[in-house]
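Hi,

Here is the structure I promised to pass on. Have a look at it first, and then read my notes below.

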Amino acid sequence: MDRMPAKELSPQELGEQKAYAEAFRKLEDRPKTYCIVTYGCQMNERDSETLAGLFVSMGLTEAAGREEADLVIFNTCCVRDNAQRRALGNVTWLKELKKTRPHLLVAVCGCMMQQPGMGEEILRQYPFVDLAFGTVNLHRLPELLYRRVCERRRVIEILQDDRSAIPEELPVLRSSAISAYVTIMYGCNNFCSYCIVPYVRGRERSRDSARVLEEIRGLQKEGIREVMLLGQNVNSYGLDRQGELSFAQLLKAADETGIPRLRFMTSHPKDISEELIGVMAGAKNVCHSLHLPAQHGSDRILKAMNRRYTKQRYLEIVSHLRAAVPDIALSTDLIVGFPGETEADFEETCDLVRTVEFDSAFTFIYSPRIGTPAASMKDQVPAEVSSERIQKLIALQKDITKRRLKSQIGQIQRVLAEGPSRRDPLQVSGKNEYNVTVNFPGDASLVGQFVEIKITDAKESTLTGVRMEKGV
Ligand code: SAH
Ligand code: SF4
Ligand code: F3S
């Protein structure tokens, strides 16, 4: 394995982009407000916080809405066809807006742009797109936007580099004052046969653990109460850096910073270690909740997916986790309609769901992605069959979720209050350690605090409760 740690952005590169940001601020005829539209996973959400930080460094402020912005940027996802179609549909919608607001700038970036041929497609089919770049060169936004505005021509810069530099030291504008994402690694080496992420995000590059820990300490000083460590497969953190901490060691060290709440995602079952389970059991601040994507219950399909574990092995991991952390909440991702999936294979997935009793599951219909091995496999499953199966699976999980939530009625839980409830302004909404939304009567003064809540009722996917006398 390649043990040369990935390079970080050089001071020279950072300096150049800073200079462009400065020069941009001084332009008279330039966009003043931005709007970022984000699709896809937490990785993209975190990238959007960097985009926002860069815009602010260039003198822009956030627009009140999409219609008012001088610049709209779409940070795209291409993990499934519907994610990509939704993004492109919205880009096209702006074409109309541009007719009434000719100065509006439209930009597209993110994973979708890293697909082969996407740059050309934008050039040809989307002439109203002013600026396009990928995940590799996100840090170059100041220069690219400066060029677009000064040279008055479209700027499309898509670079292919599967070991692109780790973006340290970039400005960031966090979207929450309570919880924060901390990316610990970029890319993915797993090449699950259905998945496009390794092609658009490149190889695994771990950040220096000292930097990660420093960032967590900094966030804590700013008042952040909850940190989510991010990576496509956090369990292989550090393997690309000689002498680096393992993920379990990093998690332990992060716990020791004293940040009140720690979560992480995503864990690939093939790499989950006993050491990690031990750290989860012994840590003070690591939530007893784990997202462990199973994807499927049939060994034949798991093999074709290149997941490198069996149903039996997955069940073993679950029992180790539950033995070490009895109250652990488990969530998962499941795919139906993978090529060659028979009724019997699908039944194996249902059996896995019934056996594990996940607290929640994200279910997806398999979507062929160009360039991935599964896209050219025989026996693609007809859409009607997949949609019937997913309905069954959703119904099955819904009952289990309800049961798992009901079992929490009567418990006293520590809830991090996040803001007013969406449905009822007299209620506060927060999360318990199992990552479930809990609503309870209260006011804005509680936001950002941990409160002790007695759970009184369970809805379909949320809990309600009342405050105990004192906070915790
Ligand atoms: N790195 C994470 C997941 C990233 S993508 C992991 O390995 O778990 C998030 C989820 O999207 C995956 O877990 C998978 O369930 C789903 N997914 C990925 N590619 C897909 C495809 N081609 N069709 C349908 N679902 C897909
Ligand atoms: Fe995709 Fe598999 Fe990597 Fe997850 S582990 S991002 S599903 S290739
Ligand atoms: Fe989508 Fe890219 Fe995430 S393809 S799921 S936004 S890594």
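Let's start where two domains meet: 22 residues of domain 2 are in contact (heavy atoms within 4.5 Å) with 30 residues of domain 3. Together the two domains bury about 2,100 Å², 65% of it on carbon and sulfur atoms; that is the accessible area, with a 1.4 Å probe, that two parts lose on being put together, summed over both. On the domain 2 side, S193, Y194 and P269 give up the most area to domain 3, together 34% of what that side buries.

A word on the basics: this is a predicted model, where local features need pLDDT of at least 70 and side-chain atom pairs pLDDT 80 or more, while totals for chains, interfaces and linings use all residues. Residues are numbered from 1 along each chain as written, chains are lettered from A and ligands numbered from 1 in written order, and side-chain values use heavy atoms, without hydrogens or water.

Now the ligand. Domain 2 (176-287) and domain 3 (289-406), with bounds from an automatic or database domain assignment, both give residues to the shell around ligand 1, so the ligand lies between them.

Which residues come nearest to ligand 1? Of the 15 around it (a heavy atom within 4 Å), they are R80, Q232, Q295, D333 and S367. A polar side-chain atom of D333 sits 2.6 Å from an oxygen atom of ligand 1, and a side-chain N or O atom of Q232 is 2.8 Å from one of the ligand's nitrogen atoms. Y194 uses a backbone N or O atom instead, 3.0 Å from a nitrogen atom of ligand 1.

Cheers

Note on methods. Polar contact = N/O pair within 3.5 Å; in protein donor to acceptor, adjacent residues only side chain to side chain.
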